[in-house]
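Thanks for coming. I will go through one model this morning, taking strands, helices and cysteines in turn.

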Amino acid sequence: MYNQVVEYVKQYNMLEQRDRVVIGVSGGADSVCLLLVLQELKKLYDLELFVVHINHGLRGAEALRDENYVKLLCKSLGVSCHVVLADVNGYVKRHKCSTEEAGRILRYKAFEEECREKKCNKIAIAHNKNDVAETVLLNLSRGTGIRGLVGIEPVRDFLIRPLLCVTRDEIEEYLCNRKVSYCTDSTNLENVYTRNKIRNVVLPELGKVNDQVISHIVRCANHASEIENYLKKQTNELYERIVTAENGQYFVNVRELANTELVLRKRVILEMMYACAKQRKDIEEKHVAATLGLMEKPVGKKVNLPYGMIAVREYEKIVIKSKKISEIAKQEKSLNIAIEVPKFYDLQDIGIKLEVSVIDYEKNSIIPKNRCTKWFDYDKIKNTIFLRYRKQGDYLVINDRGNAKTIKSLFIDEKIPREERDSIPLLCDGNHVMWVLGGRISEEYKITEQSKKILVVTIMEV
């Protein structure tokens with residue numbers, strides 16, 4: 001078994017010379033085996049080993065027995081041992097989660113803290129082939145895709161699992177041959193927890209169908225891992241090409257999304273949700289399907305998602321964002337500045353600088369055609385000029401015949417997303433919009449041969 005583990009460690013480049021490794025040791029067969037194997041590998045890689053034992057405070061005298069066993073074992077091997085007392089029940093009450101989940105979270109937290117304190121670069125966990133089979137069956141029973149069939153990864157960041165290549169039976173045989181005892185957690189024999197039911201009931205029954213069931217499930221998980229890695233690569237490339245992020249909002253081009261395979265569409269939407277929510281739990285296939293459904297829906301349609309997120313159909317895009325962003329944006333939309341002439345305005349809140357002045361018009365002058373500087377016939381302005389956001393009744397003259405269009409209709413025609421319309425600055429003469437900043441101006445104020453004074457307005461980005 002030892003040689004098998006050595007080859008597995010080399011295959012996945014789990015260890016390098018002079019690594020400092022934190023080892024999670026519960027006292028059970030798996031973790032005791034892991035400690036002994038790494039103790040042997042210590043000579044090959046010149047390792048520094050640091051054991052962490054977690055007392056979850058759940059099993060009374062039995063837990064104390066395990067703790068003392070691990071301490072004595074580490075002492076006999078000359079390995080550092082740090083015992084951590086974890087308040088699992090307290091964590092369950094505070095975070096409303098299962099005992100299993102609380103224990104897992106607190107274990108990994110303790111491993112990571114030890115890693116930082118001892119300046120280690122690896123954490124070794126004692127998962128084996130049986131754990132992979134159990135995880136795959138557990139994920140299947142809960143409903144999973146390819147990602148859940150992968151089971152347990154041999155390496156993830158600084159986590160390594162050297163025993164994933166061997167079964168629990170092989171581990172126990174290894175310990176027996178070395179005449180090394182280990183502790184048995186009595187709760188593992190109780191079928192209260194879901195994983196225990198799979199371990200103690202489901203897998204033994206499947207073993208009656210085929211005695212190689214564990215190896216076969218692991219082989220399937222390895223195939224799924226290959227597929228998952230390929231799909232992950234394709235998804236990342238597509239994501240980089242068609243998804244953009246801005247201020248916590250994630251946009252995907254609908255046309256480009258439609259031109260790819262369904263499996264990649266789903267994964268891109270999932271990655272957008274993960275990026276926005278900063279977590280994965282509770283995001284399900286139904287949320288992805290509903291979001292993809294927006295591709296066929298009209299502009300403005302929305303889908304509510306977990307973690308306070310929302311997906312919205314815009315003209316050419318689907319955007320995924322937090323509902324709070326929309327609420328904050330609404331609260332911040334306050335702009336109403338009476339424009340004095342001449343004057344310079346440094347408007348940090350909306351990200352522009354504005355300069356206004358009045359000049360005499362000279363015939364045959366070249367009128368600026370760029371988006372940032374506009375000329376207006378100053379004598380045609382009837383009211384105090386305001387820089388503000390849109391309001392009911394705003395309009396703009398669209399041709400030299402005096403035909404007008406409401407700002408709402410203009411924004412719709414120009415396919416400006418509904419979420420952005422209330423944050424576009426307008427230069428206004430009453431309800432008459434002189435200029436949609438960065439966009440078109442009203443024909444009413446254009447320069448003619450009869451113009452005498454010119455209002456010059458220039459905008460610059462901060």
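Let me start with a hairpin. Strand β13, residues 343-347, is joined by 5 bridges to strand β14, residues 352-360, and the two run antiparallel. Before going further, note that this is a predicted model. Within that pair, L347 stands opposite I352 of β14. The hairpin has 4 residues between its strands, and G351 takes a positive phi there, near 75°.

Strand β14 also pairs with β21, residues 453-461: 9 bridges join them, again with an antiparallel run. If you want a register point for that pairing, take V356, whose bridge partner in β21 is V457. As a general reminder, strands of a sheet pair through backbone hydrogen bonds, in parallel or antiparallel fashion.

Next, a sheet from earlier in the chain. In what order do the strands of the open sheet of 5 come? The order is β7-β8-β11-β10-β9, and the pairing is antiparallel. At the edges are β7, residues 243-246, and β9, residues 302-305, each of which pairs on one side only. Ignoring direction, neighbouring strands in this sheet are turned against each other by 20° on average.

Looking at the β9 edge, 4 bridges connect β9 to β10, which covers residues 309-313, and these two run antiparallel. One of the paired positions is V303, with A311 as its bridge partner in β10.

Now the helix on that sheet. Helix α13, residues 285-293, lies across β9, β10 and β11, the last being residues 317-322. The helix runs at about 165° to β9.

A residue to look at in α13 is T291. Is T291 buried or exposed? Its relative accessibility is 0%, so T291 counts as buried. Leaving aside residues up to four places away in sequence, T291 touches I269, M273, L305, A311, I318 and I320. A311 is the residue we just met as the bridge partner of V303. For a sense of distance, the C-alpha atoms of T291 and L238 are separated by 18 Å, with the two residues 53 apart along the chain.

L238 brings us to a helix pair, since it is among the contact residues of α10. Helix α10, residues 213-242, packs against helix α12, residues 262-277, at an angle of about 70°, and their axes are 9 Å apart. That angle makes α10 roughly perpendicular to α12. On the α10 side the contact is made by E228, L231, K232, Q234, T235, L238 and Y239. On the α12 side the residues are V263, L264, R267, V268, E271, M272 and A275. Sorted by class, this contact has 8 nonpolar, 2 polar and 4 charged residues.

Last, the cysteines. How many disulfides does the structure hold? The count is 0. In general terms, a disulfide is a covalent bond between the sulfur atoms of two cysteines. Why does C74 not form one? The closest cysteine sulfur is in C81, at 4.1 Å, which is too far for a bond given a cut-off of 2.5 Å. C74 has 0% relative accessibility and therefore counts as buried.

C176 is the other case I would show. Its sulfur is 13 Å from the closest cysteine sulfur, that of C33, and this too is too far for a bond. At 55% relative accessibility, C176 counts as exposed.

That is what I had; I will take questions now.

Notes:
Residues numbered from 1 in each chain as written. Predicted model: local features only at pLDDT ≥ 70, side-chain atom pairs only at ≥ 80, totals over all residues. Heavy atoms only, no water. Pairing = 2+ DSSP bridges. Axes fitted to C-alpha atoms, helices over the stretch in contact; angles between N-to-C directions. Contact = heavy atoms within 4.5 Å. Buried < 20%, exposed > 50% of the residue type's maximum accessible area, 1.4 Å probe, protein only. Parallel < 35°, antiparallel > 145°, perpendicular 65-115°, else oblique. Nonpolar A, V, L, I, M, F, W, Y, C, P; charged D, E, K, R; others polar.
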